[in-house]
Amino acid sequence: MESLVTPALLLPAGISLGLIAFHLAAGGPEVVRPLLSSRELPPEVVYTLYLCWHIVTIVLIASLLVYAAAAIDSGFRPYALAATVIAGAVSLLSFVVVVWKRQKHREMPQWAVFLLLALAGMWALS
């Protein structure tokens with residue numbers, strides 16, 4: 001274990017933790033419950049969207065773990081870099097969809113929170 005503590009990486013780890021808490025606390029009641037009770041969408045669509053919600057959960061948990069690990073052990077920095085790139089890609093994709101589909105940014109703020117995570121990761125890794 002190559003130990004070189006990097007406290008700056010605790011910032012994106014903390015942001016990831018906050019996003020996980022918000023995702024679970026707000027996403028459950030506001031997104032998942034209405035989605036699962038929907039009778040307007042075919043079950044295949046409902047469960048595909050439900051799977052996507054869980055994929056976001058996994059990405060956020062993985063980000064928390066790799067940023068925290070990289071803060072403690074510099075051997076995990078490549079994983080923190082990967083988490084930063086993924087957060088940036090999710091932010092870009094989310095922003096493009098909001099603009100392309102003419103959605104309201106305040107109703108679809110995912111791009112902004114993933115951008116915050118990507119910028120924090122970039123700063124901490126620099």
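Which hand does the crossing of α1 and α2 have, left or right? Here are my notes, starting with that pair.

1. **The α1/α2 pair.** α1 passes α2 in a left-handed crossing. Bear in mind as you read on that this is a predicted model. Helix α1 covers residues 10-37 and helix α2 covers residues 43-72, and their axes come within 8 Å, crossing at roughly 165°. The two helices are therefore roughly antiparallel to each other, since any angle over 145 degrees gets that label. Sorted by class, the residues in the contact of α1 with α2 come out as 23 nonpolar and 6 polar, with no charged ones.

2. **The overall layout.** Stepping back to the whole protein chain, you have 4 helices and 0 strands. Reading from the N terminus, the order of elements is simply α-α-α-α. The C-alpha trace spans about 55 × 25 × 20 Å along its principal axes. Of the 126 residues in the chain, 33% are buried.

3. **The α3/α4 pair.** Now for the other two helices. The axes of α3 and α4 come within 8 Å and cross at roughly 150°. That makes α3 roughly antiparallel to α4, the cut-off being 145 degrees. As for handedness, α3 and α4 cross in a left-handed way.

4. **Arg102, in the loop.** Between α3 and α4 there is a loop, and Arg102 sits in it. Have a look at the backbone here: phi of Arg102 is near 55°, a positive value in a residue other than glycine. For context, most residues other than glycine have a negative phi. Is Arg102 buried or exposed? With a relative accessible area of 76%, Arg102 is exposed, because the bar for that word is over 50%.

5. **The largest pocket.** If you want to browse for empty space, start with the largest pocket, which has a volume of about 1200 Å³. Its lining is made up of 28 residues, and those lying nearest its centre are His23, Trp53, Val56, Met108 and Gln110. Which helices contribute to the lining? At least two residues each come from α1, α2, α3 (77-100) and α4 (110-125). Helix α1 gives the largest share, 9 residues. By class, the lining of the largest pocket divides into 21 nonpolar, 5 polar and 2 charged residues.

6. **Two buried residues in α1.** Ser16 belongs to helix α1, and Ser16 is buried, with a relative accessible area of 0%. Its C-alpha is 6.3 Å from that of Ser63, although the two serines are 47 residues apart in sequence. Pro12 is in helix α1 as well. Pro12 counts as buried, at 0% relative accessibility. Try the distance from Pro12 to Met122: these residues are 110 apart along the chain, and their C-alpha atoms are separated by 9.1 Å.

7. **Leu17, somewhere in between.** Leu17 is another residue to click on in helix α1. Buried, exposed or partly exposed: which word fits Leu17? Its relative accessible area is 48%, so Leu17 is partly exposed; the word exposed is kept for values over 50%. Going by C-alpha atoms, Leu17 and Leu60 are 7.7 Å apart in space, with their positions 43 residues apart in sequence.

8. **Trp100, on the outside.** Last, pick out Trp100 in helix α3. Trp100 is exposed, with a relative accessible area of 59%. How many Å apart are Trp100 and Leu10, C-alpha to C-alpha? They are 34 Å apart in space, and 90 residues apart in sequence.

Technical notes: Residues numbered from 1 in each chain as written. Predicted model: local features only at pLDDT ≥ 70, side-chain atom pairs only at ≥ 80, totals over all residues. Heavy atoms only, no water. Axes fitted to C-alpha atoms, helices over the stretch in contact; angles between N-to-C directions. Parallel < 35°, antiparallel > 145°, perpendicular 65-115°, else oblique. Left-handed = near helix turned anticlockwise from the far one by under 90°. Nonpolar A, V, L, I, M, F, W, Y, C, P; charged D, E, K, R; others polar. 1 Å grid on protein atoms, 1.4 Å probe; cavity = no way out; pocket = protein on both sides within 12 Å on 5 of 7 lines; lining within 4 Å. Points joined across faces, edges and corners; volume = space filled by probe spheres on them. Buried < 20%, exposed > 50% of the residue type's maximum accessible area, 1.4 Å probe, protein only.
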